[in-house]
Amino acid sequence: MSLPTKMRALIQRHDGYADTSTGPLIEDAAPWLELTEIPVPSPAEGQVVVRVGMASVNPSDIHFIKGEYGQPRIKGAPAGFEAMGEVVAGAGAYAESLVGRRVAFAASASGAWAEYAMTDARTCIPLRPDVTDQDGAAQIVNPLTAMAMFDLVRQAKAESFIATAAASQLGKLLCGLAKDEGLPCIATVRRESQVEMLKEKGAAEVLVTTAPDLMERFAALSKTMKPRVMLDAVGDQTVADLFFAMPNGARWVNYGKLATEPPALTQLGQLIFMRKRIEGFWLTQWMRETAMEDQVRVIQEVQARFADGRWSTDVTAVLGLEEAMTDLPAKLAEPDGKVMIKP
């Protein structure tokens, strides 16, 4: 098929990094994004162009457009890391073989908050027909991170684990995994209203981080459940306090920075005398370092879980490109669901 020469896109208004840490929310889209018309990208060898069906908005996207992510912005380039759609053009034998396929993809060459996006053909994930568009659009960042980090829990032979910010989409996926695998998850949330929902999703215990008896409750759970891995998206003082109350050999695995203020690490001697560890997890690095057969295994399991209903994507709102400019900040502030962009 012949492609149009122009497309609408939400482009970035700044280059590089910013010296800020303000969290994954915005009060106004206009300082960071602009809706405009730009050329449709042309694929180089090994690349495909995808007509975007639906794109997800993740915390990493917001950190990125604000210059707070692990890779620099490019002024004038479309934003958006993750989406699904139909491959409409490709360069090279494998890329051309994907034309006409419905795929999930990470937009490595041209962002996904646009009518068309470009990416490396080898990173596209052909979608099963029984996976919905909204699940397909959220197929990579949260599900692959959840599966990969759950493997860390398995490898640690932990008796239980902690998931912070567990009312997030990724947190709910982790609770479901824990339930299916029979590995107790201690979930943390900020609101009492989220407790029952997470127990229904599979959490064995749910702690409210604003409760005055948080540390007393956790001390009792730590003695009986012995959580030795904490999967953390927050990175605040409460998380640090929980970590220092965990048993010998505990691992704090941070994969997000929802908090804007860094914690004080008050008991660093535990890293020496209790064999505790603090480390980071970045899905991009995991994909670079993990053997292809292991990635395929994880991807197949993710699709199976969405297809049979064990996992689902909770959606707060689906916005067009114009609506994203006006409504994205308010919709991102709503709890417990994901915002999608449908160009």
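Biologist: Which helix gives the most to the nonpolar patch?
Modeller: This is a predicted model, where local features need pLDDT of at least 70, side-chain atom pairs need 80 or more, and totals for chains, interfaces and linings use all residues. Numbering starts at 1 along each chain as its sequence is written, and side-chain values use heavy atoms, leaving out hydrogens and water. The top contributor, with three residues, is the helix (DSSP H or I, at least four residues) at 269–273, namely α9.

Biologist: And how much accessible area does that patch have together?
Modeller: Its members are L265, L268, L271, I272, F273 and I278. Patch residues have over 30% relative accessible area (1.4 Å probe) and no salt bridge (Lys/Arg nitrogen within 4 Å of an Asp/Glu carboxyl oxygen), with nonpolar side chains joined within 5 Å. Together they come to about 580 Å².

Biologist: Does I278 count as buried, exposed or partly exposed?
Modeller: I278 lies in strand β13 (a DSSP E run, at least two residues). Buried is under 20%, exposed over 50%. I278 has 39% relative accessibility, so the label is partly exposed.

Biologist: Which strands sit at the edges of the open sheet?
Modeller: The six strands run β10-β9-β8-β11-β12-β13, with parallel pairing (at least two DSSP bridges). β9 and β10, for instance, share four bridges, and V189 is partnered with V208 in β10. Pairing on one side only marks the edges, β10 and β13.

Biologist: What is the relative accessibility of A146?
Modeller: A146 is in helix α4. Beyond its sequence neighbours within four places, A146 contacts (heavy atoms within 4.5 Å) L170, L173, L174, L177 and W311. A146 counts as buried because its relative accessibility is 0%.

Notes: Patch = residues over 30% accessible without salt bridge, like charges linked within 9 Å, V, L, I, M, F, W, Y side chains within 5 Å. Buried < 20%, exposed > 50% of the residue type's maximum accessible area, 1.4 Å probe, protein only.
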